[in-house]
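Me: Could you take a close look at the aromatic rings in this structure, and tell me which parts of the chain they bring together?

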Amino acid sequence: AMVVIEGNYSVYAPNAFTPDGDGINEGFRPFIMDQDERLYKLTIFDRWGEPIWSSTDPTKAWDGRMGGEVIKSDVYVWKLETRDELDRLNHEYIGHVTLLK
């Protein structure tokens with residue numbers, strides 16, 4: 001499914017994904033409109049607050065893996081650090097995503 005974001009700076013983050021190899025909804029990443037891509041960091045944490053994955057590439061999605069293996073179905077916390085290209089303001093978002101396999 002294609003996500004269309006209309007308007008100025010905005011962030012949409014799915015609340016679940018299914019890294020089960022069927023080619024549909026395999027990864028998790030926020031979709032951001034009008035961001036300054038020079039400042040971007042997405043970090044995924046386990047239920048104990050330990051970071052298990054991060055990326056500074058806004059086109060890269062977390063594939064549900066840690067150490068090469070898809071980890072267990074659970075709710076994971078994410079933190080997104082980004083910058084609004086229009087107003088030049090830094091933003092930090094925290095949310096959760098459910099990994100289903």
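Reply: What follows describes the aromatic pairs and then the strands around them, as they appear in a predicted model.

A search of the whole structure finds five aromatic pairs, and one of these is formed by Phe17 and Trp62, whose rings are tilted at 55 degrees between the planes, with 5.4 Å from centre to centre. Because Phe17 belongs to strand E2 (residues 16–17) while Trp62 sits in the loop between strand E5 (51–55) and strand E6 (65–66), this pair ties together parts that are 45 residues apart in sequence. Phe17 counts as buried, with a relative accessibility of 0%, and Trp62 likewise counts as buried at 0%. The rings of Phe28 and Trp78 make another pair, with centres 6.0 Å apart and planes at 40 degrees, so this pair is tilted. Since Phe28 is found in the loop between E2 and strand E3 (31–33), and Trp78 in strand E8 (residues 74–84), the contact ties together parts that are 50 residues apart in sequence. Both Phe28 and Trp78 are buried. Ring pairs link these four residues and Tyr76 into a cluster.

Strand E8, which carries Trp78, runs antiparallel to strand E4 (residues 35–45) and is joined to E4 by seven bridges; among the residues involved, Thr43 has Lys79 of E8 as its bridge partner. E4 is also joined to E5 by four bridges, again in an antiparallel arrangement, and here Leu42 has Ser55 of E5 as its bridge partner. E4 and E5 form a hairpin with five residues between them, and in its turn Gly49 has a positive phi of about 85 degrees.

Conventions. Residues numbered from 1 in each chain as written. Predicted model: local features only at pLDDT ≥ 70, side-chain atom pairs only at ≥ 80, totals over all residues. Heavy atoms only, no water. Phe/Tyr/Trp six-rings, centres within 6.5 Å; stacked < 30°, edge-to-face > 60°. Helix = DSSP H or I, 4+ residues; strand = E, 2+ residues; numbered from the N terminus. Buried < 20%, exposed > 50% of the residue type's maximum accessible area, 1.4 Å probe, protein only. Pairing = 2+ DSSP bridges.
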